[in-house]
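Thanks for sharing this one. Here are my notes, set out as numbered points so that you can follow along in the viewer.

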Amino acid sequence: MPQLIMADEDGVLEMLRDSVATFAQGRPGPQSLRKLRAAGADLDLEQWQEMAAAGWIGLMLPEALGGANLGIREQAVISHALGQALVPSPIASASVLSSALLARVADSPERRRLAAGLVQGRSIVVPAVAAGCDGEGVAARSLEGGVLLDGRRAFVEGARSASDLLVVARAGSEDLLVSVPAHAEGLERCDRPTVDGGIISSLMLSNCLVGSERILARGDLCAMVETSINLARTALAAELAGIASQAFELARQYTIDRKQFGKPLASFQVLQHRLVDLWAEAEFACSAVVNAVERCEQSSEREARLAVYAAKARAADAAAFVGRQAIHLFGAMGFTDECDIGLYLKRAINLGACLGQPESLRLQFIKEERAA
């Protein structure tokens, strides 16, 4: 099965893979996804707290904030394994992106409160941010003792279960990163189902008053937000590569087990060629993720950013392609809800749209590469 191949001298990466596999045995991903869909929920709180107890939530936070102080390499391995197991969770946004933002702001009681709740699984800290000059979607007006927020944020994952929201707002010539209580007065949420049966939300803020103690950072925050988003994109790419890897494995095993005209389907050369194509797509996705991880660790910000764009676009397309082709190999039963392979495709479509569709990331890649 295609995997992320990275140096692992101390065995930490293998240990992380094994921990996710053990977790998934007790909580099978397809079963969990169907359970969330039936409940109309965006997050299994019990499962999230188990993931926090395992040390996966807030993994990249510094030790001073209660985190493990690990890097994107370890996070990518966990995300890839979660994708393989189809464990549904907003880990890329409510863990990786939240941790990256909190790690980059100055120390304060609010920062420590949010980090402690995140690491322990008591708080669901959900970023309501967008790429680019993020503060333009929400306006902030300073008042004595706080700020009033007005604006809208779309496509927020995990908002229904959130305890706190991290919002970037524009106040005059500067940006503010503000922690907003999920049930604050003046904050409305509109939920709608996603293709995999989850929930995505839009947030509307109208004269939403937030105390000054909840302002985490101010100034030009575009670079900080974009760097944090790219770490989350890398985690998403790893999860998508995991989905592609497992979808290929399910299709391969099915063609071995299923017999037609007295022979396994895998014995027919035309299907062997199709399986090789699926394997290659999953392998290329894994390689793109490994390249992005290494660039994030060793290269300039520009090179890392381009590698992340490429990895997210490649992994999203690979997961969708492998999922569609695998369903065809399963035949009519692949289209039924009882067959797990369809859930892999739906999850791939959902994650592929998070933090940038493949087409938009490719266009951004070309724009930045030509500008150099």
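1. Let me begin with burial: 56% of the 372 residues of the protein chain count as buried. Please keep in mind that this is a predicted model. The accessible surface of the chain comes to about 15,900 Å², and carbon and sulfur atoms contribute 53% of that area.

2. On overall dimensions, the radius of gyration of the protein chain is 21 Å, which agrees with the value near 21 Å that a compact globule of 372 residues would have. Along the principal axes, the C-alpha atoms fill a box of roughly 80 × 45 × 40 Å. I would quote both descriptions side by side.

3. For the secondary structure, I have 11 helices and 10 strands in the protein chain. Among contacts with a separation of 6 or more, 74% join residues that are 24 or more positions apart.

4. A brief word on charge. The protein chain carries 45 negative side chains and 37 positive ones. The centres of these two sets lie 5 Å apart.

5. Now to individual residues, beginning with Thr 255 in helix α7, which covers residues 222–257. Is Thr 255 buried or exposed? Thr 255 has a relative accessible area of 0%, so it counts as buried. A polar atom of its side chain lies 2.8 Å from the backbone oxygen of Arg 252. Leaving aside residues up to four places away in sequence, Thr 255 touches Pro 264, Leu 265, Ala 266 and Leu 275.

6. Ser 93 is worth a look next. Ser 93 sits in helix α5 (residues 91–103) and is buried, because its relative accessible area of 12% falls under the 20% cut-off. Which residues does Ser 93 touch, not counting those up to four places away in sequence? They are Ser 98, Pro 127 and Glu 157.

7. The pairing of Ser 93 with Glu 157 deserves its own point. These two are 64 residues apart along the chain, yet their C-alpha atoms are separated by 7.2 Å. Their side chains also make a polar contact, at 3.3 Å.

8. Two backbone angles caught my eye. Phe 261 is not a glycine, but it has a positive phi of about 55°. Phe 261 is in the loop between β9 (259–260) and β10 (263–264), and it counts as exposed because its relative accessibility is 74%.

9. The second such angle belongs to Leu 355, another residue other than glycine, with a positive phi near 55°. Leu 355 lies in the loop between α10 (341–353) and α11 (358–371). With a relative accessible area of 26%, Leu 355 is partly exposed.

10. My last stop is Gly 197, in the loop between β6 (187–193) and β7 (199–211). Why does Gly 197 count as buried? Its relative accessible area is 17%, and buried means under 20%. Gly 197 and Arg 34 are 163 residues apart in sequence, while their C-alpha atoms are 7.9 Å apart in space.

Notes:
Residues are numbered from 1 along each chain as its sequence is written. This is a predicted model: local features need pLDDT of at least 70, side-chain atom pairs count only at pLDDT 80 or more; totals for chains, interfaces and linings use all residues. Side-chain values use heavy atoms; hydrogens and water are left out. Helices (H or I, at least four residues) and strands (E, at least two) are DSSP runs, numbered from the N terminus. The radius of gyration is taken over C-alpha atoms; the globule rule is 2.2 Å times the number of residues to the power 0.38. Buried means under 20% relative accessible area, exposed over 50%, partly exposed in between (1.4 Å probe, protein chains only). Contact means heavy atoms within 4.5 Å. Accessible areas come from the Shrake-Rupley method with a 1.4 Å probe; for residues, only the protein chains shown count as cover. Lys and Arg count as positive and Asp and Glu as negative; His and the chain ends are not counted. The place of a charge is taken as NZ of Lys, CZ of Arg, CG of Asp or CD of Glu. A polar contact is a pair of N or O atoms within 3.5 Å; within protein, one must be able to donate a hydrogen and the other to accept it, and residues adjacent in sequence count only if both atoms are side-chain atoms.
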